Structure formats: structure tokens, C-alpha cells
There are 2 protein chains.
Amino acid sequence: MSRQPPTLEDVARAAGVSRATVSRVVNGVRNVDPALQEIVFRAIELTGYAPNRAARSLVIRRAETVALVVSGVGGAADDEAREVFATRVFTDPFFGRVVGGVMSFLRPRSMHPVLMLAESDADRQEVVSFLRQGRADGALVVSTHPDDPLPALLAGAKLPAVLFARPSRAVPLTYVDLDHRAGGALAARHLLARGCRRPATVSGPLDVRASRERLAGFREALADGGVTDVPLAEGGFTLASGIEGMADLLARHPDVDGVFAANDLMAQGACRLLRQRGRRVPDDVAVVGFDDSGVAVTCEPPLTSVRQPVERMAEEMARLLDSQVRGESQAPTGVVFDPELVVRASA
Amino acid sequence: MSRQPPTLEDVARAAGVSRATVSRVVNGVRNVDPALQEIVFRAIELTGYAPNRAARSLVIRRAETVALVVSGVGGAADDEAREVFATRVFTDPFFGRVVGGVMSFLRPRSMHPVLMLAESDADRQEVVSFLRQGRADGALVVSTHPDDPLPALLAGAKLPAVLFARPSRAVPLTYVDLDHRAGGALAARHLLARGCRRPATVSGPLDVRASRERLAGFREALADGGVTDVPLAEGGFTLASGIEGMADLLARHPDVDGVFAANDLMAQGACRLLRQRGRRVPDDVAVVGFDDSGVAVTCEPPLTSVRQPVERMAEEMARLLDSQVRGESQAPTGVVFDPELVVRASA
DNA sequence: ATGAAAGCGCTAACAG
DNA sequence: CTGTTAGCGCTTTCAT
């Protein structure tokens, strides 16, 4: 039969020392005689000892684990809807970049993220329970929707958490975010630099702060370049709204020669409509997107796009959560990152 | 100051019963007076009790958690190489589909996977430690390379594990896999059905079992349709080898009118070369790929491809691991899934 | 059906 | 610098 796995006690006995000493050696606490240390190491080797984490967690009152939760807004999603949401979300390269960034902080610390999906109210409760049970010390949350109720829930329960993107309602939680204004400015200056004289924009929904900031940044940089009248069509971040917005813009201002779409999907829609109307991209009209998502690459032509440094942002989230969990940081803060422009064929 | 979180003891006191009773109620054990049960529930509510998992795990000797590990073969990857590997892997839709499938089994059980990446020897040791420390009860492993040493390590340590794809060397571990033979047959029958009279194939490396099986299935089904002489070019699963293989095929058999490439990347290469040589796809030469990966959609034209039911396979992995952890299953087994053909423009 | 009590394996005072 | 000891919060016989 398979014996019980060896415990500290077993190692202590094998080494002829006390449990405390073995514990000290295992946890690299100094104040241990090098000679004894050596003996203990050998005993560990000999017994094939592996510390029991549950026991350690019980006493240090920490799991040394964090949850990575992707959160939607579904009210009461059924299994079917959740399944669809899950594959869509996990299949999105954005998620992959977040995971990569988070892990690059966690790995050197021998920590590994627990993946959670919160698409229904029950799911959100599950996340809260998970943390309250001490299965993870805190949460890194990536919301797919600005009205996600999870952040407020977490803050209310005083659970350590860090958000990707500043929450719409004021929630006292630490977050990382992009300087959307700077992103808009990047697009504006690029268009200006390639000689556009009549730039326009298909913005995101104006009730979303990020949309407003991208727009403001775009306008400001254009004004700096002497362009003050900027045709605007409000979109909804969908392909259809990109097509529609572009059509609208073209109808009102046939002389448009540059467009900044607030995300890649709308930029793709704009490209499609432009070509359909016989305008060449970028020769007649240059198009700049936002996000540098997968469609930026597959779009015809490939999109010049404003990119978020997602990996670095995610890494910072993990760092912020870590210091929060160790009680090193107190008040919630926000860390803002600069976007970069990825130049491809569309502008 | 923030009080300690309530314990079973606190609830017991509030309800006027013993800890044992509260424990029974919490864990839904029968043999509890409905009246008392009600009282206990109220006390739980009142105190805001949440069970401490570390304590529970310590006593039941189980974490009720599984690790999902993506494993490569790097010898001693540095941080840089690992970073690249991480984003490439996590950004691949295949990984997203695996995560989705795994979670659909885990969620109803309030379990959540811990994500691990094993790209170096140290990483693999880390995975073994993680399990030995009882931080997870078993591992679901997805290898990116057939020579991955992790499965053997796990088997050697007698740790519960289930693999995606049968390991190349015989390792006594449970796995799920695709019926590659049936996949090849699917491609063959599709080509035959659309009227191809001179089908050929760009296979994968013939020292990889999956490659050999896809090829065998392709040939068998072709033979059943009366085609016995099948031009073959051995590729290496890369875009370049797809181009090369197709060029080779064309040189030797200018009358080829259908091609089965053993993965989408090579199929894309084949398409590219075909068009370059003035052949229309699919009119002159029909092309079928394998994997139904992202390139299948972005390829010009979009690829008809053989698809693995990845989500269902991943779900089954979780199920198999679960029964293994609960000691319900004994000897390693293999569960094989049927592929499906996704028809797009290329064939 | 309920309670009393013995640990699960580890850490952290506190002595020495 | 090392050992002794008292729990961490929960599950689980074993009595009752």
C-alpha cells in the first residue's frame, strides 16, 4: 500500500532535529546553523518530503494564490449562453495577453492564477465565496463590460482586487488603465503626418468614458495641428456601426481623407464601406483603428492601430494585487499606461 | 480593526449546537434534524460565515482543485523565451477552446483550474511540486510537442493526470485523442465527392504518429473510392513546407486536382503556391486542411478543414481526471473522439 | 440525531 | 541558534 506522504515530523526525526528547525530550513529563514541546514537538506532528500500547503495556509492565513476573473454582465446566463461566452472570451487574444502578463509576474514567485468566469449573478457570488474561503488572496478582474457589478461586490466585501480599466461607477478599487486620450492623439498625429487635411472619426458610444477620452485626445491633437472642425459619427463598437458611421461621414463630408475609428471592428467596417464606395484605403482615405486586435491583422488592408501594452498592464495588476495582499499598500490607486501606434497598411 | 472572520465555532455558539452539527449542515450531510438545520442556516447567515478551505483541505487531504498545464519542451528557457512562448500559447484559440471545455465541467462543481506553463525543466519540477504539495489534486496536460517529458515525470511520481493526445512514448497515463485516421478519411471522401480524380497530400512528419494516421486514413478512403495511387509530399507542419510540398507535388503530377494538407498552415502554403502558379482554388485544385485553426478562416480562400471537437475533449479530460482523483477509476485508458469536417471555400 | 474529542501538518511565539 | 508548545479551523470516529 502507498504510505502516507512524509511530514515535517518525519524529516525532523530523520535529521535528528526538531520540527521547528526543519520548518526554518524549508522556509529559508536565517538563524540556522549551516551544518544543521545541510543535514536537514539531506533528510528532506532522503524522505522525499514536500510541504503540505493546506497546513501552511491554515496557519499563515494566506493561500498564496490569486484569482484571474473574466467578468461579464449576464443576468442569469444558462449553460448554453455561458458556454458561448466562455469560448468567445478565452479565445480572444486579448485574454491570452492578459494571462501572459499575469504569469510573468507570478511565475518567479511560484504562484499560479486560478481562472474564473463570472457571467451570472451566481458566478459573481462564487467569486466572492472563493475569496472569502481563502482559496485565493485576491482577484485580478478583467471586465468585458463597463457596467460589470463585480468590482462593487468585491469592494463591498473589502476583498483585495485590482481591475483592468477604471470602473465606470466610482468603486474604491485599484486599477490599471490606458491613457485613452494619448491614444486618440497618436491617431491624430499619424493622420496629420501622412498629409490628411480632412480627418474625421467614428467614435465609440459617448456614454463610455474611454470613448469620450479617445475622442477628446483626437480632437486636441488635431487642433494643435490646426484642424478644428472634425466630423464625428457616434458608433457602438460593432462592425455594423462602423459601416454606418462611415457612410454617414461620407455623405456629410465627401472630402474626408482620414478616419480614426475607436476600435478595430469599426475600422474594419469603415474600410469595407470605403472600398465599396470606390475609395482606396489608404490612398484616398487613411484609416486608423484601436486595440490592435486580431481583426487588425486580418482586415483588408491590415489596420494601423493604437495598441494597449496589455502584457505590461496585466503584470502591473499582479504586482499591485501582491502588494495589497501583503498589506504594503493602503488606498486604491490607478496606474495609467501609454498606448503605442502599430503601423500597417491602412494608414 | 477588522475582526477575525467567523469560524465554525462561532456559528455553533450562535446556533447553540456543536461544531460537528454545523459542519454536517454546511456539508449537506443528512442525519440532521430539519429544525436544527434551519437554526444553523440562520446562524450562518447571521455571522456571515464562510468555511475555511485550507482547514478543510488539511483534513480531507484534497485541494478540490486541478491544474491545467500547457507544456512545451524547452530545455532551459530564459525569461525572454518563456514570455514569447507564453503569449504565443495563450493567444492560440486552441488553448481558449481547451479552457472553455475544462471549465464547463468544473464550474458546476465549484472548481476552477489553476493555470500553469511548463517550458523548462525547472517549470516541470514546479508542476510536480505543486501537485505533491497538494495544491491541486491532479493535472490536465496539453503538450505542444510530442516529446514533452512532463507526462513521464507525472506518471513516475504516480500523480493523477490526463493528457490531451496520446503520448509518443508509452506512458501509463489516461488521455483523450482524436481519431486521426477518420480525419484523413473525411478529407478523402470530401475530395472524392466534389469530383476530384487526382487527389494528393502534403502529410505531416512521418515520425509523428498522428501524421501517419491521417495519411493512412486518407489513403484507405481513397482506395475505397477506387483511387490507389496517391502522390505524397512529406511536410513539417510549417507554412514553408506546405509551399514546398505543393510545388513538389505539382512538378511531379501536374494533373493534381485536390490536396489534403495535414494541417492548416501547410494548406495555406499550398493555396498560396497554387495561386502563384495560376491555379484557382478550389476550381482547379481543391484544398482541405486540418485543425480548423484561425488561419483556416483568414486564409485566402477560407479553408475547408478537419476539426477536432476540442471543447468536448477537454471536458472529458476533466471528467476522467475527476474520477481518477476520487479513486473511481484504476488503469489508464484512452478516449478517442471523431473529427468533423468544416466546409468553407477551398474545397 | 447530536456532541466530545482527537487530530490533519505546519508556523510562530517563547524559552532556553 | 534550537527546541517546546500552542494553536490555525475543520472533519470524523466514537459515544451517547
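This is a short tour of two protein chains and a DNA strand, one selection at a time. Keep in mind that the model you have open is predicted.

**Stop 1: where the two chains meet**

Select chain A and chain B together, each in its own colour. How many residues does each chain bring to the contact? Chain A gives 44 residues and chain B also gives 44 residues. Between them, the two chains bury about 3800 Å², with 55% of that area on carbon and sulfur atoms.

**Stop 2: a salt bridge**

There are 2 salt bridges between chain A and chain B. To see a salt bridge up close, show the side chains of Arg107(A) and Asp123(B), which are joined with an N to O distance of 2.9 Å. Across the interface of these chains you can also look for polar contacts, found in 20 residue pairs with both residues at pLDDT 80 or more.

**Stop 3: the chain A side of the interface**

Now hide chain B for a moment and colour these parts of chain A: helix H4 (53-60), helix H5 (79-91), helix H6 (93-106), strand E2 (114-118) and helix H7 (121-132). Each of them gives two or more residues to the side that touches chain B. Which element supplies the largest share? That is H6(A), with 8 residues. If you colour this side of chain A by class, you should find 18 nonpolar, 14 polar and 12 charged residues.

**Stop 4: the protein around DNA strand C**

Bring chain B back and select DNA strand C with the 28 residues around it. The ones that come nearest are Leu8(A), Tyr49(A), Thr21(B), Asp33(B) and Arg61(B). Both chains take part here: helix H2 (19-26) and H4 of chain A, and helix H2 (19-26) and helix H4 (53-60) of chain B, each supply at least two residues of the surface near the strand. H4(A) gives the most, with 5 residues. By class, this surface has 14 nonpolar, 7 polar and 7 charged residues.

**Stop 5: close-ups on the DNA**

Which parts of the strand lie within 4 Å of the protein? Of the DNA strand C atoms in that range, 69% belong to sugar or phosphate, and the rest belong to bases.

Finish with three distances to try in your viewer:

- Leu8(A): a backbone N or O atom lies 2.5 Å from a phosphate oxygen of DNA strand C.
- Asn31(B): an N or O atom in the side chain is 2.8 Å from a phosphate oxygen of the strand.
- Ala55(A): a polar backbone atom is 3.5 Å from a base nitrogen of the strand.

Definitions and conventions: Residues numbered from 1 in each chain as written. Chains lettered and ligands numbered in written order. Predicted model: local features only at pLDDT ≥ 70, side-chain atom pairs only at ≥ 80, totals over all residues. Heavy atoms only, no water. Contact = heavy atoms within 4.5 Å. Buried area = accessible area lost by both parts, 1.4 Å probe. Salt bridge = Lys/Arg side-chain N within 4 Å of Asp/Glu carboxyl O. Polar contact = N/O pair within 3.5 Å; in protein donor to acceptor, adjacent residues only side chain to side chain. Helix = DSSP H or I, 4+ residues; strand = E, 2+ residues; numbered from the N terminus. Nonpolar A, V, L, I, M, F, W, Y, C, P; charged D, E, K, R; others polar. Near = heavy atom within 4 Å.
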